[in-house]
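User: Hi! I'm new to this one and would love a quick tour. Could you walk me through it?

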Amino acid sequence: MTVLTLTDVSKSYRGTLVLRPTSFALRPGELVALTGPSGSGKSTLLMIAGGWETPDTGTVTPGPALPDVPLARMPWQHLGFVPQSIGLFDELTVADNLAFAARTGTHADLPKLLETLDLTKLATRLPIEISRGEQQRAAVGRALATAPTLVLADEPTSHQDRAHAELVLAALRTAANAGAAVLIASHDPLLAAHTDHTLTLTGAE
């Protein structure tokens with residue numbers, strides 16, 4: 001069974017090819033690394049997988065584990081996303097950012113998730129009161145708060161030291177072990193120890 005299948009998806013911006021035709025499938029319980037040099041289309045492919053970008057060619061087909069709605073309107077309990085921009089709600093504390101995502105119904109053990117990501121002592125702080133790396137871990141926690149079916153993470157360890165990068169990757173691995181399909185775009189060499197498969201983009205040139 002697949003959670004999401006991408007078939008020959010490609011993308012150009014203003015006549016410049018940024019993603020060559022690419023095909024792969026995401027399955028429950030798998031953590032897939034999306035690697036390649038800068039400019040090879042990793043972020044673009046994640047945006048296509050999440051429904052926020054429309055491919056110029058190819059198709060994106062949700063599997064039976066996802067509801068029959070457009071991907072861009074997929075409920076948070078089915079799709080968790082960690083953007084490079086982080087995107088926390090500035091007016092909510094770290095704990096409330098996770099709780100806001102989890103309000104939709106089924107959710108993870110939020111205190112445990114905060115502990116796993118070394119955020120327990122920061123739970124009552126606002127995003128502006130914590131570091132960029134701490135904000136990024138909170139964004140990972142928010143993505144995982146609903147125990148989603150599909151997780152898409154764009155460079156989720158880019159602001160982490162080695163120890164905290166391992167915590168982030170272990171949390172994403174745990175989500176996959178619990179049945180989620182997880183796709184991580186990253187340059188981080190630590191990712192290799194946590195993945196089931198690697199998809200390498202070579203760039204459009």
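Analyst: Happy to: we'll go through the sheet and then the aromatic rings, keeping in mind that this is a predicted model.

User: Great. In what order do the strands of the open sheet come?

Analyst: The open sheet has three strands in the order E2-E1-E4, and the pairing is antiparallel. Strand E2 (16-26) and strand E4 (57-62) are the edge strands, each pairing on one side only. From one strand to the next, the twist averages 20°.

User: What holds strands of a sheet together in general?

Analyst: Strands in a sheet pair through backbone hydrogen bonds, in either a parallel or an antiparallel way.

User: OK, and how many bridges are there between E1 and E4?

Analyst: Strand E1, residues 4-13, pairs with E4 over five bridges, in the antiparallel sense. As for partners, Leu6 is bridged to Val60 in E4.

User: Which strands does helix H1 touch?

Analyst: Helix H1 (residues 42-49) packs on the sheet and touches E1, E2 and E4. The direction of H1 makes about 125° with that of E1.

User: Switching topic: how many aromatic pairs are there?

Analyst: The count comes to two aromatic pairs. In one of them, the ring centres of Trp52 and Phe81 are 4.5 Å apart.

User: Why is that pair called tilted?

Analyst: Because the planes of Trp52 and Phe81 are at 35°, and tilted is the class for planes that are neither under 30 degrees apart nor over 60.

User: Where do those two residues sit?

Analyst: Trp52 is in the loop between H1 and E4, while Phe81 belongs to strand E5 (residues 79-82), so the pair ties together parts 29 residues apart in sequence. Trp52 has 34% relative accessibility, so Trp52 counts as partly exposed.

User: And Phe89 with Phe100, what sort of pair is that?

Analyst: That pair is edge-to-face, because the ring planes of Phe89 and Phe100 are at 70°, with the centres 5.0 Å apart. Phe89 lies in the loop between E5 and helix H2 (94-102), and Phe100 lies in helix H2, so this pair ties together parts that are 11 residues apart in sequence.

User: How accessible is Phe89? And Phe100?

Analyst: Phe89 has 27% relative accessibility and counts as partly exposed. Phe100, at 31%, counts as partly exposed too.

User: Last one: which residue lies over the face of Phe100? And over that of Phe89?

Analyst: Arg103 lies over the face of Phe100, at 4.0 Å from the ring centre. For Phe89, the residue over the face is Arg142, at 5.7 Å from the ring centre.

Terms used: Residues numbered from 1 in each chain as written. Predicted model: local features only at pLDDT ≥ 70, side-chain atom pairs only at ≥ 80, totals over all residues. Heavy atoms only, no water. Pairing = 2+ DSSP bridges. Helix = DSSP H or I, 4+ residues; strand = E, 2+ residues; numbered from the N terminus. Axes fitted to C-alpha atoms, helices over the stretch in contact; angles between N-to-C directions. Contact = heavy atoms within 4.5 Å. Phe/Tyr/Trp six-rings, centres within 6.5 Å; stacked < 30°, edge-to-face > 60°. Buried < 20%, exposed > 50% of the residue type's maximum accessible area, 1.4 Å probe, protein only. Lys NZ or Arg CZ within 6 Å of the ring centre and 35° of its normal.
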